[in-house]
Amino acid sequence: MNKRGMLIILSGPSGSGKGTIVQQLLSERDDTVLSISATTRSPRTGEQDGVHYYFKTREEFEKLIESGELLEYAEYNGNYYGTPAEPIERYLADGKNVILEIEVQGAEKVMDRQQPDVVSIFITIPSLTELERRLRQRGTETEDSIEQRLKIARHELSRAFRYDYVVLNDEVPLAVERIHTIISAESMRYSRMENYILEVINNA
Ligand code: 5GP
């Protein structure tokens, strides 16, 4: 029986290791895909259009907002980021889990809609000092952007209570394992198993 997929929201401060965790998770699961967002931020070295993001001008992005093509969007550190709605329903209906790796304002917009199938996970870091170390080590941000991202991180941590689960990223393989556990448990919720139960009753 083809079960609908889950819409998995994954948020956490910039530098919390979300990206690495997601890539590892995707390499270990063929039932899960990552939604590719649109953004007005400039590509970092090595980032490709249509692979990491759909890179847009502000004008192009505002057209996407006006035409209702985004499931959610938010402004983060002076740039727009948003989730194209169209591919998501197709994947869910096909039984695939879809990961939205998005910041907290956009995540809360999706949660406020109270769709079934949504599972939200907040990735946290051991401390803000560790977060600062990781952001510097990554070497992709200017000093201003690091300061700004740390400020936003404090705010994001204060919104963690909105999420279903909190996963500590102390070590990537452990964090990935914790997310596998969440996906397994969520797939056994009554609402997702109801059809199986009904089939057992009806075939008795
Ligand atoms: P970055 O510039 O580091 O790639 O992303 C900055 C922040 O934007 C991260 O927290 C990332 O998860 C978030 N983000 C990426 N795509 C989206 C999106 O489609 N919607 C929202 N709301 N946030 C996003």
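In the predicted model, aspartate 49 is in contact with Tyr54 and Phe55 once neighbours within four places in sequence are set aside. Aspartate 49 itself belongs to the loop that runs between strand E3 (38-39) and strand E4 (54-55). One interaction of this residue involves the backbone of phenylalanine 55, whose nitrogen is placed 2.7 Å from a polar atom of the aspartate 49 side chain. The separation between the C-alpha atoms of aspartate 49 and alanine 38 is 9.4 Å, with their positions 11 residues apart along the chain. The relative accessibility of aspartate 49 is 53%, and the residue is therefore classed as exposed, the threshold for that class being over 50%.

The ligand is surrounded by 16 residues, of which Ser37, Arg41, Tyr53, Tyr81 and Glu103 are the closest. Polar atoms of three side chains were examined in relation to the ligand. For serine 37, a polar side-chain atom is located 2.7 Å from a ligand oxygen atom. In the case of tyrosine 81, the distance between an N or O atom of the side chain and an oxygen atom of the ligand is 2.6 Å. Glutamate 103 is instead paired with a nitrogen atom of the ligand, which lies 2.6 Å from an N or O atom of the glutamate 103 side chain. Taken on its own, the ligand has 510 Å² of accessible area, and 95% of this is covered by the protein. The largest pocket is the space that the ligand takes up. Two or more residues of the shell around the ligand are supplied by strand E5 (70-76), and the same holds for strand E6 (79-84).

Glutamate 186 is part of helix H7, which spans residues 172-187. With a relative accessibility of 4%, glutamate 186 is counted as buried, because burial is assigned under 20% relative accessible area. The side chain of glutamate 186 forms a polar contact of 2.8 Å with the side chain of arginine 189. Apart from neighbours within four places in sequence, the residues in contact with glutamate 186 are Met6, Val119, Tyr165 and Arg192. The two acidic residues described here thus fall into opposite accessibility classes, glutamate 186 being buried and aspartate 49 exposed.

Conventions: Residues are numbered from 1 along each chain as its sequence is written. This is a predicted model: local features need pLDDT of at least 70, side-chain atom pairs count only at pLDDT 80 or more; totals for chains, interfaces and linings use all residues. Side-chain values use heavy atoms; hydrogens and water are left out. Helices (H or I, at least four residues) and strands (E, at least two) are DSSP runs, numbered from the N terminus. Buried means under 20% relative accessible area, exposed over 50%, partly exposed in between (1.4 Å probe, protein chains only). A polar contact is a pair of N or O atoms within 3.5 Å; within protein, one must be able to donate a hydrogen and the other to accept it, and residues adjacent in sequence count only if both atoms are side-chain atoms. Contact means heavy atoms within 4.5 Å. A residue is near a molecule or strand if one of its heavy atoms lies within 4 Å of it. Accessible areas come from the Shrake-Rupley method with a 1.4 Å probe; for residues, only the protein chains shown count as cover. On a 1 Å grid over the protein atoms alone, a cavity is a set of points where a 1.4 Å probe fits but cannot get out, and a pocket is an open set with protein on both sides within 12 Å along at least five of seven lines; lining residues have an atom within 4 Å of a point. A molecule sits in a cavity or pocket if more than half of its atoms lie within 2 Å of its grid points.
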